[in-house]
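Thanks for sharing this one with me. I have put my reading of it into a few numbered points, to go through with the structure open beside you.

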Number of protein chains: 2
Amino acid sequence: MAQPKKAASIWDVARLAGVSHQTVSRVVNGSPRVAAATRDKVLEAIAELGYRPNRLARSLAGGAAESVTVLTADTSLYGPEAALRGIEKAARALDWSVQISVLDPADTHSDADIIARLPRAGEPTIIMAHDEPGMRAKQVLLDQQPHAMVAIGPYTAEELAASPWLVGMDDGKAAAEATRYLLDLGHETVHHLAIPTSTGTFGGGKAHRAEGWARVLREAGRAVPEPVPSGWTIAEAFKAVQPLVADPEVTAILCGNDHLALATMRAAHLAGRSIPGDLSVVGFDNTPFSGFTTPALTTVNQDFESVGRGAFELLRHRVDGSIPRPVPGWPEPELIVRETSGPPSS
Amino acid sequence: MAQPKKAASIWDVARLAGVSHQTVSRVVNGSPRVAAATRDKVLEAIAELGYRPNRLARSLAGGAAESVTVLTADTSLYGPEAALRGIEKAARALDWSVQISVLDPADTHSDADIIARLPRAGEPTIIMAHDEPGMRAKQVLLDQQPHAMVAIGPYTAEELAASPWLVGMDDGKAAAEATRYLLDLGHETVHHLAIPTSTGTFGGGKAHRAEGWARVLREAGRAVPEPVPSGWTIAEAFKAVQPLVADPEVTAILCGNDHLALATMRAAHLAGRSIPGDLSVVGFDNTPFSGFTTPALTTVNQDFESVGRGAFELLRHRVDGSIPRPVPGWPEPELIVRETSGPPSS
DNA sequence: GACAGATAGGTGAACGTTCACACCGGGCGG
DNA sequence: CCGCCCGGTGTGAACGTTCACCTATCTGTC
């Protein structure tokens with residue numbers, strides 16, 4: 001087995017270049033206070049030894065952090081996955097490193113447990129606060145190191161403005177728009193197949209999908225049917241939605257995300273109900289596959305990647321006060337009408 | 001803004017417990033050579049101060065690594081994502097931390113660039129080597145620190161046995177099985193919509209999907225049509241597959257993954273060809289949605305999560321010689337016949 | 001021609017751990 | 001009763017950086 005020859009340190013470079021370790025450090029960090037000739041000598045030594053700064057030592061010594069830890073409960077969901085991608089890209093561009101830590105939804109993490117995930121106290125952290133474990137982690141971090149954390153979740157513009165450590169989109173508003181669209185199409189009411197909520201009970205935050213849906217129905221004076229709770233998986237959704245698709249009175253279903261919508265389409269098909277003839281189905285998120293189902297899914301587009309990027313920028317601002325607070329600038333959620341929605345048949 | 005009160009260190013605990021810092025270290029690391037009474041005192045001090053070991057310092061000091069870095073090019077693909085989940089779970093169980101670094105497929109990373117991703121020299125690393133950037137990273141790491149890296153990719157049993165740093169499944173074999181199944185159904189030949197290959201040219205490794213497909217056709221003495229290259233996205237696949245679905249001679253298409261298969265189904269539908277009546281479509285990976293499309297997709301199940309777990313175990317073995325080499329024990333790829341495949345019509 | 005001020009560079013400590021080794025006391029074999 | 005070994009503990013250095021502070025040397029000014 002090849003012997004792992006020890007990596008060159010700042011001292012090795014210093015010796016070879018005939019300068020002090022501190023000068024090497026200055027060169028590496030691009031300090032202006034070093035003579036051109038010296039800089040060249042050092043750079044040459046760096047190249048020769050193949051020196052690479054050690055991130056661990058750098059952050060131990062109290063240098064700039066240049067690392068983020070992302071706490072999330074489920075990387076297989078499209079939203080968190082896309083947000084993570086956004087964070088990664090933004091971080092990469094600045095040469096920050098990204099660490100992820102997956103919270104087990106089954107496990108009940110103690111506060112200490114959550115803190116132990118972080119590589120060090122004060123580690124800049126982004127939390128995907130869309131479900132219970134995420135909310136829990138958010139609370140813990142908020143207590144421990146509010147200055148070095150940012151949470152992503154569904155929040156109204158007011159909530160976002162009030163809490164300087166929040167980033168997200170108003171899912172409730174988007175759901176409202178989708179519901180209104182279905183009512184305008186002539187549906188008597190709209191049913192809802194709901195994703196699990198962050199609080200464990202339906203009707204948590206104002207910006208939740210179920211909340212926006214219910215609000216529009218109430219405002220329009222329509223019946224507000226009991227939302228049908230589903231788990232995150234397609235299989236769970238398929239099971240949960242059975243009674244809904246079997247009921248001929250149900251003519252429109254707003255689904256908590258595109259996976260649930262796919263399950264609904266499948267269940268409807270098996271129940272012999274045609275889409276959009278007998279039943280309109282609307283999804284959420286505009287997951288990549290949604291434009292290619294048959295029929296193609298009407299859904300709400302969400303730019304999670306931009307939200308992730310925004311979260312990263314906000315975190316930088318919070319960790320390092322000298323960076324101006326970024327203005328959230330991602331596109332609003334937008335309804336994309338495709339083939340699964342239409343006027344009721346009768 | 002709340003003042004980040006400095007975290008307790010091993011020295012603070014030592015002072016409070018009235019012992020040396022080394023004794024605290026021993027207690028924290030569960031060394032047997034410490035008296036019960038002392039241990040209790042230390043534990044108490046730890047609890048009182050809310051002390052948490054600093055991972056960075058630990059690894060800097062040359063302690064056990066307890067961290068893995070995963071290099072991947074695309075977290076949105078099902079395979080890498082599932083493997084990452086497997087790695088995360090396995091790592092979490094042992095209290096290791098996981099760091100991910102996304103290689104930009106567009107960017108041509110220099111060797112130094114790739115090395116710079118690692119938090120320190122010798123960092124244990126797992127590489128998703130299913131595409132070009134991954135292969136490149138694999139080569140670099142193999143040169144730099146073969147003892148602390150493992151690569152995941154499609155390899156035959158022989159290749160896996162020959163290279164002790166490889167983990168993966170024989171995609172070629174699985175593709176062969178799927179192709180044979182379609183031939184047995186009575187199709188004259190089988191076409192192939194191919195994922196990008198790791199080498200940039202089709203027909204790279206023996207274990208590649210396209211390779212297994214072609215082998216079976218040759219062995220059966222059938223025509224081997226030119227494989228149709230597609231990108232990773234559904235949209236690209238949709239475009240690439242147009243000529244194939246438009247051709248009435250084409251009765252069976254093996255797709256490089258389930259997303260490509262979905263695009264194929266959509267294109268076929270729009271071209272007025274019924275599935276499986278006019279055209280059989282088989283996917284790859286058994287992505288969660290595949291059982292819920294209409295018609296439900298016939299595909300090849302792959303247990304990527306187990307492969308990820310296996311990669312982690314192998315990495316531990318390689319980094320720490322005292323850990324026995326794990327025996328790869330994940331299920332073989334398995335064809336799951338659903339509704340998109342059947343005998344040719346005429 | 002002495003002096004402030006900038007410019008280039010060096011020195012030592014600190015960050016929070018682990019590692020290698022030295023030390024101390026007591027039980028046990030000779 | 002001496003010496004040896006071993007369990008239990010302390011000491012100091014090392015890991016690879018950055019930070020705070022100090023010291024030369026050069027420039028230009030009055």
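The points below go from the pairing of the chains to the DNA strands and then to the fold of chain A.

1. A word on the source before the details: this is a predicted model. Please read everything that follows as a description of that prediction.

2. How do the copies relate to each other? Chain B can be laid on chain A by a turn of 180 degrees with a shift of 0.0 Å along the axis, and the RMSD is 0.1 Å. That makes the relation one of a two-fold axis. If you want a landmark for this axis in chain B, go to Gln99(B): its C-alpha is the nearest one, 2.0 Å away.

3. The contact of the chains draws on 47 residues from chain A and 47 residues from chain B. On the chain B side, the elements that each supply at least two residues are helices H4 (55-60), H5 (78-93), H6 (111-116), H11 (234-240) and H13 (258-270), along with strand S2 (97-102). By class, this side of chain B holds 24 nonpolar, 15 polar and 8 charged residues. Of the interface residues of chain B, 100% are also interface residues in chain A, so the copies meet through the same surface.

4. Strand S2 deserves a closer look. S2 of chain A (residues 97-102) pairs with S2(B) in the antiparallel sense, over 3 bridges. To find the pairing on screen, start from Ile100(A), which stands opposite Val98(B).

5. Next, DNA strand C, which has 29 residues around it. Both chains appear among the closest ones: Ser20(A) from chain A, and Ile10(B), Ser25(B), Ala61(B) and Gly63(B) from chain B. Two or more residues each come from helix H2 (21-28) of chain A and from helix H1 (10-17), helix H2 (21-28) and H4 of chain B. Which element gives the most here? It is H2(B), with 4 residues. The surface near this strand divides into 13 nonpolar, 13 polar and 3 charged residues.

6. DNA strand D is surrounded by 30 residues, the closest being Ile10(A), Ser25(A), Asn54(A), Ala61(A) and Gly63(A). Here helix H1 (10-17), H2 and helix H4 (55-60) of chain A, together with H2 of chain B, give two or more residues each. H2(A) gives the most, with 4 residues. By class, the surface near strand D has 13 nonpolar, 14 polar and 3 charged residues.

7. Since H1(A) and H2(A) both come up at strand D, their packing is worth a moment. The axes of H1(A) and H2(A) are 8 Å apart, at an angle of about 105 degrees; the two helices are therefore roughly perpendicular to each other. From H1(A), Ile10(A), Trp11(A), Val13(A), Ala14(A) and Ala17(A) meet His21(A), Thr23(A), Val24(A) and Ser25(A) of H2(A). This contact has 6 nonpolar and 3 polar residues, and no charged ones.

8. Finally, chain A has an open sheet of 4 strands with parallel pairing, in the order S7-S6-S8-S9. Strands S7 (228-229) and S9 (280-282) are its edges, each pairing on one side only. S6 (residues 191-194) and S8 (residues 252-255) of chain A are joined by 3 bridges in the parallel sense, and Leu193(A) has Cys255(A) in S8(A) as its bridge partner. Across S8 and S9 of chain A lies helix H9 (residues 171-184), which runs at about 170 degrees to S8(A).

Definitions and conventions
Residues numbered from 1 in each chain as written. Chains lettered and ligands numbered in written order. Predicted model: local features only at pLDDT ≥ 70, side-chain atom pairs only at ≥ 80, totals over all residues. Contact = placed C-beta atoms within 7 Å. Nonpolar A, V, L, I, M, F, W, Y, C, P; charged D, E, K, R; others polar. Pairing = 2+ DSSP bridges. Near = placed C-beta within 6 Å. Least-squares fit on C-alpha atoms with pLDDT ≥ 70 in both. Axes fitted to C-alpha atoms, helices over the stretch in contact; angles between N-to-C directions. Parallel < 35°, antiparallel > 145°, perpendicular 65-115°, else oblique.
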